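These exercises go through one protein chain and its ligand. Look at the model first, then work each task before reading its solution.

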Amino acid sequence: MSSASVVGTRGLSFAYRAGAVPVIDDVSLDLPAGAVCSLTGPSGSGKSTLLYLLALMLRPAGGEVVWDGRPASSLPDAARSRLRAAHVGFVFQDALLDPSRTVLANVCDAALFAGMPRATATARARDLMGRFGVEHRGDHRPGEISGGQAQRVAICRALLTDPRVVFADEPTGNLDDTSAEIVWQALVDHAATGATVVVATHDKTLAARADHEVRLTVEGRVTTRTGVGS
Ligand code: ADP
Ligand code: MG
């Protein structure tokens, strides 16, 4: 993939029902690699929806999501799944861990699906879990850990394959300031490796620290800011 722009949109539109007011309306943007981009906007403005579209989990009603300059959202389901498994880490709002599987299994499963050998996945998982202070929770079920711990587990899962693109949906929403800082720094570090990192957040202070900001309006349109950040 080129380093200039890995993921972008061209005239992207989406509505949850045909004929309904679009949640995303004619959005064209390029998400630069090697930088953190914050995605902000009022509740209900479509931040989660835009992340799902960018990650090829929803199909647009109009326009395209482009990956490396090529149409991606119009590919068949299997091809979109492959692209996602190979290149995307997604941190869902409220972590979205599988309650029937252990924490360690939750962290490793997507990487195993993407073809990573189990020994490699386990070693990387333990390393990441140590970094995020949840290494002693590997054998627990998600129901036995706190919301903040679950969110850090979700970050471990998203980073396990060292993906070129990370989408994080309010990843610091459940975290105390110290944990939020650790998560933010991990996302900044990951972007510094050349990855594209998009973080939907309500936290104005965090959003302002991002290199780029995409703001969604309730009308489903965007404005952008490009700055220096930290
Ligand atoms: P945000 O993440 O910015 O809070 P969302 O993307 O979750 O916004 O939602 C954007 C709009 O789409 C809201 O009006 C929301 O009610 C609506 N919406 C979200 N998910 C669904 C769904 N599965 N079915 C129908 N409407 C939805
Ligand atoms: Mg949301």
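Ala, Val, Leu, Ile, Met, Phe, Trp, Tyr, Cys and Pro count as nonpolar, Asp, Glu, Lys and Arg as charged, and the others, Gly among them, as polar. The model is predicted: local features need pLDDT of at least 70, side-chain atom pairs count only at pLDDT 80 or more, and totals for chains, interfaces and linings use all residues. Residues are numbered from 1 along each chain as its sequence is written, chains are lettered from A and ligands numbered from 1 in the order in which they are written, and side-chain values use heavy atoms, with hydrogens and water left out.

**Exercise 1.** Describe the overall build of the chain.

Step 1. Count the elements: the chain has seven helices and ten strands (DSSP runs; helices are H or I with at least four residues, strands are E with at least two, numbered from the N terminus).

Step 2. The radius of gyration, taken over C-alpha atoms, is 17 Å, close to the 17 Å from the globule rule (2.2 Å times the number of residues to the power 0.38) for 230 residues, so the chain is as compact as a globular protein of that length.

**Exercise 2.** Find what lines the largest pocket.

Step 1. A pocket is an open set of points on a 1 Å grid over the protein atoms alone, where a 1.4 Å probe fits, with protein on both sides within 12 Å along at least five of seven lines; lining residues have an atom within 4 Å of a point.

Step 2. The largest pocket holds about 390 Å³. Its lining has 19 residues, and Arg84, Ala85, Val88, Phe90 and Ala110 are the closest to its centre.

Step 3. Two or more lining residues come from each of α2 (77-87), β6 (88-91), α3 (103-113) and α5 (147-159). The most come from α3, with six.

Step 4. Sort the lining by class: twelve nonpolar, four polar and three charged.

**Exercise 3.** Which residues line the largest cavity?

Step 1. In a cavity, the probe fits but cannot get out.

Step 2. The residues are Leu29, Leu31, Cys37, Leu39, Leu50, Leu54, Val198 and Val214. By class, eight are nonpolar, with no polar and no charged residues.

**Exercise 4.** Describe the surroundings of ligand 1.

Step 1. List the residues with a heavy atom within 4 Å of ligand 1: among them are Tyr16, Val23, Pro42 and Lys47. This shell has three nonpolar, six polar and one charged residues.

Step 2. Look for polar contacts (pairs of N or O atoms within 3.5 Å). A backbone N or O atom of glycine 44 lies 2.8 Å from a ligand 1 oxygen, while for threonine 49 a polar side-chain atom lies 2.5 Å from an oxygen of ligand 1.

Methods:
Grid points are joined across faces, edges and corners, and a volume is the space filled by probe spheres set on the points. A polar contact is a pair of N or O atoms within 3.5 Å; within protein, one must be able to donate a hydrogen and the other to accept it, and residues adjacent in sequence count only if both atoms are side-chain atoms.
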